[in-house]
Amino acid sequence: MSETTPASGAAEAATEPFRYGAALAAEIESRWQDLWEKEGTFNAPNPTGPLADGTSVAAKPHSFIMDMFPYPSGAGLHVGHPLGYIATDVYARYQRMTGHNVLHTLGYDAFGLPAEQYAVQHGVHPRVSTEDNIANMRQQLRRLGLGHDSRRSISTIDPDYYRWTQWIFLQIFNSWYDEDAARARPIAELVAQFESGEREVPGGRAWAELSGVERDEVLGEYRLAYSKEVPVNWCPGLGTVLANEEVTADGRSERGNFPVFKSNLRQWMMRITAYADRLISDLDLLDWPEAIKLQQRNWIGRSEGARVDFGVGDDTVTVFTTRPDTLFGATYMVLAPEHALVDAVVPAEWPAGTRDEWTGGAADPATAVAEYRAAAAAKSDVERQADAKVKTGVFTGAYATNPVSGEQIPVFIADYVLMGYGTGAIMAVPAHDSRDFAFAQAFNLPMRCVVRPTDGRGEDPHTWDDAFDTYDSVLVNSERDGISLDGLSVVDAKARITAWLAEQGIGEGTVNYRLRDWLFSRQRYWGEPFPIVYDETGAMHALPESMLPVEVPEVDDYSPHTYDPDDAASSPKTPLSRNEDWVNVELDLGDGVRTYRRETNTMPNWAGSCWYELRYVDPVNSTSVVDPANEAYWMGPTAEKPAGGVDLYVGGAEHAVLHLLYARFWHKVLHDLGHVSSVEPFHKLFNQGMITADVYRDARGFPVPAAEVVDPEGNGQYFWQGEPVRREAGKMGKSLKNAVAPDEIADEYGADTLRLYEMAMGPLDVSRPWDTRAVVGSYRFLQRLWRNIVSEVTGELVVTDEEPDEATLRALHKAIDGIRGDMAGMRFNTAVAKAIELNNFLVKRGSTPRSVAEQVVLLIAPLAPHIAEELWRRLGHEQSLAFADYPVADPAYVVDETVTCVVQVKGKVKARLEVAPSISDADLEALALADPTVVAAIGGAQVRKVIARAPKLVNIVTG
RNA sequence: GCCCCGAUAGCCCAAUCGGCAGAGGCAACGGUCUCAAACACCGUCCGGUGUGGGUUCGAAUCCCACUCGGGGCACCA
């Protein structure tokens, strides 16, 4: 508890000892927080298991309200951090007061890079610093009076938690995606198919003949978690590989902003691509902001198109295209530099007629290809993107056959074709694709117009400035032998040529996704170890469930192997591999005790957050990840939630494609394997806005402490220590020297004032600037509320026992009606405004009837729970109001007896009439036309039309 | 370059179906209280909705174009 007292407090304490000031607020708040904790007020019972309380909760409506859990950083909280936590708490309290069993808690996401970097910088073990940070954060958050079920608060670094993270990994590892059934199945069922011969083993040999390593390789092509050598994002500056989602558009690490290079490395991957289709289509079942759904759709990037086979010598190269209709316009072909068939198609010498600019100056094709590949590999992603406008590439010396035109077309390699997308090969149609157009111009390649331009540019692409890529036109120059597309629209031509390709057996319609598999291993110490070991032959073994958790070993040297950020030639090393005692382990995996080598990579920090909602549901279950009955109760599908999931999930929009996509993927795997009934983890998603703050910079551009900046003239000329500084909008944070801690505000005004202010600032989903000066407004409101009920001098109740009059009842019930709607719709800013309006009415009224006071206290309780509990107690109630019934409006008092009707003449207001709310349009029109002021306003002009909208408006059109 | 979101009083924001632009708060100004100040209290002031068109009896709200601000994607064939 804080001892801070504002200057005014002490002076007033003598005459107004019961004034609602900082000291009294602090006393009330800590007392109620202690009581809630002692009584377990916010503990939500489960239907079954250790958290069941013997009562039947099945029939009660229930609500699972969740925040995106925090990373326990060492910097401490600023007032922006708890915005979402306050909002969910207000909502959760409202739900509790409307009869719901509410699951609301908060855990900590404590593995990962920042925690490790903090530890390295401070020379403390990550576990120590992380646990300290969690303790600090808990302390700061406790002061806000958040009604959490503390029994359910998990931390991802707790071995009892990550045991299940590892268990889920094993579920995913031991599964494959059955395309026919469109779901994940246990890998054992696939092995059985291989053993029985029901399914042919790739490579054609019998399953029994394969060695352990060979079986690993076969199964690795099916498993949903697999280890494979693939081109990955290697970040020497961080010393680890990164997921695509963690690399920014300009090819740098999202964390640390270091360059990222493509490197072929054996790494753990998650086959999230198997779920691409379901991850898109199930978005339709979710109540999420459209912007987030759109980002996920874009990230998954579904494209419909076709695969087309091109003969290249004796080989076949398959390309993916979204424009099969332009096949007649394909005048060359491009393979990604890493494409597996490049070496096969390269001839010994340049064919006759090879243009000089195609060869890259090399004496023969093999040399040209090797040189180009080397140059491409040395480029970082940053350089590659910077060079995007300048097309580079080199001729392979090979020619492909265009399957419709029969023409021989040159085959190039170029880095604008990516190995990771489609088939890593394209047919180039320079006339109708801007990238192909740029490449064709650079290399003097032929172009053919096959879609008639609609902008008068003519049909000779060589005279064009850019490609013509509009869909809204018809095909030309596209006829040969048995196939003609001429005259067809682009859409119809696509369908025709796709069907024709399928008939010929040289192509088919297909769907392609931008999404890549998820790179799941990191070269860090501070993460979940993989429950995987290797035997002396190198064969992989999953540890049995009984050996979980594989604990993070206690070591002295936990620092990562980092390199010069630009050293692309470096390669990752895992910190755990330094610890031979841990790496080499004697285990009995069923065939006697043998020596195994542990997997030394660790999981990415996303792992722990992929499933924590499930653990909130059943946090101390030691026999299963979550009891099916508890999962079904809190998260199961219902009519309102067709895919099931958490009822409300609040967090920042920055997790749109990372956490939210990964968590959906894991949840779906668990659903397929029968562990959860819900299909999606989060039914309703709400993105809260950011609290911004002004940043003040000095002449050199460095931020100066915002709290010390003055504006002596009040004219926007700011000074810090006498020096002029300039103001700009920015984020709140320590580095910008404008962070305001929630503790500062709580010290000066109390936590209820802070909660109320944050809710009143504006709509929850909009970013808005913090203004410490404005906080006093919320404080004054609570003081007025207090004063309406309790004497500041004696501490006695000042409410009266009179029956409230009609005007008071109308004000009360209108407020109840409005606030209820605002609460349910999470419009907390307008709920606060209505509560202030009602309270101001009572201030003006001069006294507050007890019955009204009680309703007001209940109305404000979700927003300012401490003062509400205190007033409730003082009004004579012995039970906490946490489960009291939220006030319900009496409809008779919500509607006014008379309504002011506006009479307009030609849209201008000319008169006002007091009318009954139930008046009909016809009666209102007659009344308006009879009104003398209106008659005067019409002034004898002809009434052409009268629009009556009872009971609020009549508009008379004359003319 | 493409896509999404936003713009209302000096500031933060209301206006639920297209129907009187104002609910609430901050600041400013005047007053009460005070020896004085702070706190508190009472009261007052303030804009026609970013710009330009359109639809409509009527537009902050719907449509089109533009400006500014925020966000996402960016060689994905």
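A polar contact is a pair of N or O atoms within 3.5 Å. Keep that cut-off in mind as you explore this predicted model.

**Stop 1: the domains.** Start by colouring chain A by its parts: domain 1 (1-39 + 765-895), domain 2 (183-222), domain 3 (302-513) and domain 4 (896-958). Now look at domain 1 and domain 3, whose centres, taken over C-alpha atoms, are 70 Å apart.

**Stop 2: the RNA.** Next, select RNA strand B and the 56 residues around it; those that come nearest are Tyr421, Arg435, Pro763, Arg912 and Asn955. Of the strand's atoms that come within 4 Å of the protein, 63% belong to sugar and phosphate. Which helix gives the most to this surface? Pick out H25, which supplies eight residues. Colouring the surface near RNA strand B by residue type gives 22 nonpolar, 14 polar and 20 charged.

**Stop 3: contacts up close.** Zoom in on Tyr421, where an N or O atom of the side chain is 2.3 Å from a phosphate oxygen of RNA strand B. Then move to Arg912: one of its polar side-chain atoms lies 2.2 Å from a base oxygen of the strand. At Arg949, a polar side-chain atom is 3.3 Å from a base oxygen of RNA strand B.

**Stop 4: a hidden space.** There are three cavities of 30 Å³ or more, and the largest holds about 40 Å³. To find the largest cavity, select Phe781, Leu785, Ala835, Leu838, Val856, Leu859 and Ile860, which line it. Show helices H23 (775-789), H25 (828-845) and H26 (850-860) too, as each supplies at least two lining residues. H26 has the largest share, with three residues. What kinds of residue make up this lining? Seven are nonpolar, with no polar and no charged ones.

Note on methods. Residues are numbered from 1 along each chain as its sequence is written. Chains are lettered from A and ligands numbered from 1 in the order in which they are written. This is a predicted model: local features need pLDDT of at least 70, side-chain atom pairs count only at pLDDT 80 or more; totals for chains, interfaces and linings use all residues. Side-chain values use heavy atoms; hydrogens and water are left out. On a 1 Å grid over the protein atoms alone, a cavity is a set of points where a 1.4 Å probe fits but cannot get out, and a pocket is an open set with protein on both sides within 12 Å along at least five of seven lines; lining residues have an atom within 4 Å of a point. Grid points are joined across faces, edges and corners, and a volume is the space filled by probe spheres set on the points. Helices (H or I, at least four residues) and strands (E, at least two) are DSSP runs, numbered from the N terminus. Ala, Val, Leu, Ile, Met, Phe, Trp, Tyr, Cys and Pro count as nonpolar, Asp, Glu, Lys and Arg as charged, and the others, Gly among them, as polar. Domain bounds come from an automatic or database domain assignment. A residue is near a molecule or strand if one of its heavy atoms lies within 4 Å of it. A polar contact is a pair of N or O atoms within 3.5 Å; within protein, one must be able to donate a hydrogen and the other to accept it, and residues adjacent in sequence count only if both atoms are side-chain atoms.
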